Amino acid sequence: MFESVKSALGGSGVAVEDGGLILISETATTSASGLLTHFLASGVTNSHPVCFLTMQHTWGHYCNIGSKLGFNLKQHSDQSTIKVIEGLKLLNEVLDGGIEDIEDHPFAFILKTCEDPLRNLYKLIKQTVQPWRDDCKYFLIIIENITSLLNLGIQTKDIAIFSHYCKNLIHIGPNNASDSLIVVTRDDEKDEDASSLTKIISHSAVMHMSLRGLSSGLSREVHGDLKITVFNGLGPHQCLPVVHYFQFKLEDKNMKLFAPGTSANVL
Amino acid sequence: MNMSKTYLGKIFRRTEIPTPRTLLLTDSAKVCGRGLLYALVNSHLGSSTDVLYLTTCLSPQEIRRFVKEEASGKLEFYNGAKDPCGWDSDAPEVSLQLPLQEILRHKTTAAGGGKVAIVVDRLEDVNYHQESSQLVRSLHMLSAGDNVEQVIVYCGRDVVPESMLAALCHIAAATVHLLPTSPCSCRLVLRKPSGKVIKAHEEFTLTPDLQVQDVQPAKSIRTQHVSESSETDVILAAQTTFSLALTEDQRIAKNSLLLPHTRVQTQGGHIHYTPDDVDDWDDDDPDDDLDI
């Protein structure tokens, strides 16, 4: 995992293990893959089971990134520490026509009109995490990238309902401890639906990590801005969230975070 | 300033006469109004009003941590967060697909004559399962109930459809829009039965035990959370020793400046030449004598 991301989150007063819904938003010029790899590696390192729903990239993509960082993610998925639901593969199954009865298929909505198009997908995730819930074991659900469902013709309200049900899976146990749900969205001001979905999910999130490219152009030493917004950290009397600003640089085996104005260009 | 003279103070001390039947409380992704909502609920419970709380986002267990259940006022939850549309069971405890007056029917028409306050937390979650027009109609019918003292509607104004927000503002007797400012402030609109509309912008403080204090008309409010483009300006400005920002006067002067080429492009340009007496005005090439 990336030490600078870990210390940035620690400095923000947030630990992923505290639980709750964490929103990561990316844009067309930035990618959340770096942060997702950090959370996957963190889960693996701390022996927390992970349910990973990939919609935008294949599992092989993340395995390749993991192998560069020294993690054998494929081995962990074989051992069921990481349970992967590959959205692209499931989509292919439906489009290929290889499945006769698609009634209960998570992507049945592609070929037939459904009242609750994402219900089957939710049931698949629930089925995957149920053993961990029964054992009261802390687990992590990662959904990447939920806004991809908009491209499949799903309406914003249906995705909001799906997100709500996924959040219900991370139950609150004694001492208000909770599991964690990480949702990745694409936040593009030119895409109204994606932007609206990001706002909807941010209302339920305990933390929002927003990745943006530099508005002034490209830089070799700074790849973008990261804004970490923490909600409700001190209690509901705190109406305004606590905001931390960082800039980041993606390296081959690392993601560096630093305070604005302290990049190698300046120092 | 005496809190009882401020409109927000009157709403929270419930000295506004008559009590606004429908109160709309809105927030956004940049500021959370949940603390204010809990303060209002506590105010009702503290004055012997029962509260019927429809929750769609948080579990009753999470809300009970902050809401004081006084002996005089009872708090009853309707858990629309658990299984709002029956994905987990065929008969969910509370289905958000039903009209609100059906969900709360048994209590709003209960015998006993006790006054009740109804809380809908959060309205956009109900809107995912019902048509906007039906929802607004339900709220209007609920507020007309004989034993209903107040209907408190909590929603995010940046996620509710604009038409629905407009309809809610129309039926609400009091609207409180929480703003992302420091100190906390809100814009209020109060519609009196006489037809008078009062608008106010007031700042306040919320204590850790959710008491609204220090309410006063907003003075110079500093917006803590500026827009996206301004955030980038702040980051850029922090990286140099030069002042990259513009003052308000400089910005106005810059925007009103009409550059010469802009004027020519829009209005067209003409060269007016009046030849002198000694000018040889003919069509010959003037550079003929040059040996180029």
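Start by selecting Trp87(B), which counts as buried because its relative accessibility is 4% (buried means under 20% relative accessible area, exposed over 50%, partly exposed in between, with a 1.4 Å probe and protein chains only). This is a predicted model, in which local features need pLDDT of at least 70, side-chain atom pairs count only at pLDDT 80 or more, and totals for chains, interfaces and linings use all residues. Residues are numbered from 1 along each chain as its sequence is written, chains are lettered from A, and side-chain values use heavy atoms, without hydrogens and water.

Next, the aromatic pairs. Over all chains, the structure holds nine of them (rings of Phe, Tyr and Trp, the last by its six-membered ring, pair if their centres lie within 6.5 Å; planes under 30 degrees apart count as stacked, over 60 as edge-to-face and the rest as tilted).

Add Tyr122(A) to the selection. Its ring centre is 5.7 Å from that of Trp87(B) and the planes stand at 45°, so the pair is tilted. The pair crosses between chains: Tyr122(A) belongs to helix H6 (residues 119-134) of chain A, and Trp87(B) to the loop between strand S3 (75-79) and helix H4 (100-103) of chain B (helices, H or I with at least four residues, and strands, E with at least two, are DSSP runs numbered from the N terminus). Tyr122(A) has a relative accessible area of 1% and is therefore buried.

Stay in chain A and select Phe52(A), Trp59(A) and Tyr62(A), which ring pairs link into a cluster.

Finally, go to Asp289(B), in the segment after helix H11 (260-267) of chain B. Asp289(B) counts as exposed because its relative accessibility is 65%.
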